[in-house]
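Grab a coffee and work through these exercises with the model open beside you. Try each task before you read its solution.

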Amino acid sequence: MAADPRTLARRWALLSCVPVLLLAAIVACDPSPEPRPADAPAGAQRGPAGAAAAAVLTAAPAAAVAPDPADGDRGLAAERDGYRLDAAATELPAGRPAAYSFTITGPDGQPVTDFEVHQTRKLHFYAIRSDLTGFQHLHPEMAADGTWTADLTALTPGTWRLYASFLPGSTAHRSTETVLSRTVTVPGTSTAVPLPAPAGTATVDGYTVALAGEPMAGAYRLTATVTRDGQPVTDLQSYLDSYAHLTAFHEGDQALAHLHPADKVDADHGGGPVLTFHAMLPRAGNWRVFLQFQTAGRLHTAELTLNAAA
């Protein structure tokens, strides 16, 4: 017997509502938080609602713009995966050494005191000015209560970004470090230094470092050759359990990438002259590179600019 047309109409109306109700449930239950940008207030909105609010505030300052979820992968957020870089200081003095104290709080809101040793240190700390000058790479000590203090050398006026890179103790088998950062202001008249043009070589303390490869966003193979007076250098010493340490900052947003050579350290022989890096630059554009290596107990830092193709 044929069904009543009115009954069929009611059934069709109910079925057509199912996809809409499912979509509404998924949006309402979305548990994935988006990282806040560095220095954002603890109550900043996250998720789709936060993004909608930011879209309305078109005239608001940059701090009100919804964060890029990928910022946590580039070290540009103060919080990631439940870990947060907390510091009271938003300003540091110019022209003299300064101590920057901070804590890393965990998912439970308490200061973290258990960190894995990575590249011979429990935490690596970096500082760079907004024009990518003044690079500092430090290894602060932690107090019993979880407070770290980084002793920075004299800073020039301007805006500086400070990064903490670490492996929480609860992630003993994790090889990727968590990188968090905040900015501070150094008062005074600031003059931006233009970024040097991309180049394949740099000279420091009489050593010449030549980089070879085709820089591009993503993974690629990069080699560094170290020479002195035209002769290959073969007495590189271990530095942070490697023959070199390469830190790179992206022009414009100061995204961070740090790399280590694939070459194993031989305690009985020096390293060099060629070092191989499995590079990973997350974005296209210019990167200011700082390659650090050690000879005869002295640390050298070569600086140069690379342009990564899309």
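In which loop is P273 found? P273 is in the loop between β15 and β16. Strand names here follow DSSP runs (E, at least two residues), numbered from the N terminus.

Before going on, a word on the ground rules. This is a predicted model, so local features need pLDDT of at least 70 and side-chain atom pairs count only at pLDDT 80 or more, while totals for chains, interfaces and linings use all residues. Residues are numbered from 1 along each chain as its sequence is written, and side-chain values use heavy atoms, with hydrogens and water left out.

**Exercise 1. Find the unusual backbone spots.**

Step 1: start from the general expectation. Most residues other than glycine have a negative phi, and most peptide bonds are trans.

Step 2: check the peptide bond from G272 to P273. That bond is cis, with omega near 0°.

Step 3: look at phi. D81 isn't a glycine, yet its phi is positive, about 55°. D81 lies in the loop between β1 and β2.

Step 4: do likewise for T120. Its phi is positive too, about 70°, and T120 is not a glycine either. T120 sits in the loop between β3 and β4 (123–129). T120 is partly exposed, at 45% relative accessible area; the classes are buried under 20%, exposed over 50% and partly exposed in between (1.4 Å probe, protein chains only).

**Exercise 2. Trace the pairing from β1 to β3.**

Step 1: recall how pairing works. Strands of a sheet pair through backbone hydrogen bonds, either parallel or antiparallel. Here, two strands count as paired if DSSP finds at least two bridges between them.

Step 2: pair β1 (residues 79–80) with β2 (residues 83–86). They run antiparallel and are joined by two bridges. E79 has R84 in β2 as its bridge partner. The two strands make a hairpin with two residues between them, and D81 is in that turn.

Step 3: move on to β3 (residues 98–105). Three bridges join it to β2, again antiparallel. R84 turns up here as well, with T105 as its bridge partner in β3.

**Exercise 3. Lay out the four-stranded sheet.**

Step 1: write down the order. It is β15-β14-β17-β18, an open sheet with antiparallel pairing.

Step 2: pick out the edges. β15 (256–259) and β18 (298–308) each have a single partner strand, so one side of each is left without a neighbour in the sheet.

Step 3: add the twist. Neighbouring strands of this sheet are turned by 20° against each other on average, direction ignored, using axes fitted as lines to C-alpha atoms and angles that run from 0 to 180 degrees between N-to-C directions.

Step 4: zoom in on one pair. Four bridges join β14 (residues 245–250) to β15, and L246 has L259 as its bridge partner in β15.

**Exercise 4. How many salt bridges are there, and what do they link?**

Step 1: set the rule. A salt bridge is a side-chain nitrogen of Lys or Arg within 4 Å of a carboxyl oxygen of Asp or Glu.

Step 2: count. There are eight by this rule.

Step 3: go back to R84. R84 forms a salt bridge with D86, their closest N and O atoms being 3.2 Å apart. R84 is buried at 13% relative accessible area, while D86 is partly exposed at 26%. Both belong to a salt-bridge network that also takes in E79 and R182.

Step 4: try R283 and D253. Their side chains meet in a salt bridge (2.4 Å, N to O). The pair links distant parts of the chain, 30 residues apart: R283 is in the loop between β16 (274–281) and β17 (285–295), and D253 is in the loop between β14 and β15.

Step 5: finish with R288 and E303. This salt bridge is 3.5 Å, N to O, with R288 in strand β17 and E303 in strand β18. R288 is buried at 9%; E303 is partly exposed at 41%.

**Exercise 5. Map the nonpolar cores.**

Step 1: define one. A nonpolar core is a set of buried Ala, Val, Leu, Ile, Met, Phe, Trp, Tyr and Cys residues joined through side-chain atoms within 4.5 Å.

Step 2: take the largest, with 31 residues. V209, L211, L246, F277, L291 and F293 touch the most other members. Among the elements giving two or more residues are β14, β15, β17 and β18.

Step 3: note the other one. A second, separate core has 24 residues, including F102 and F166.
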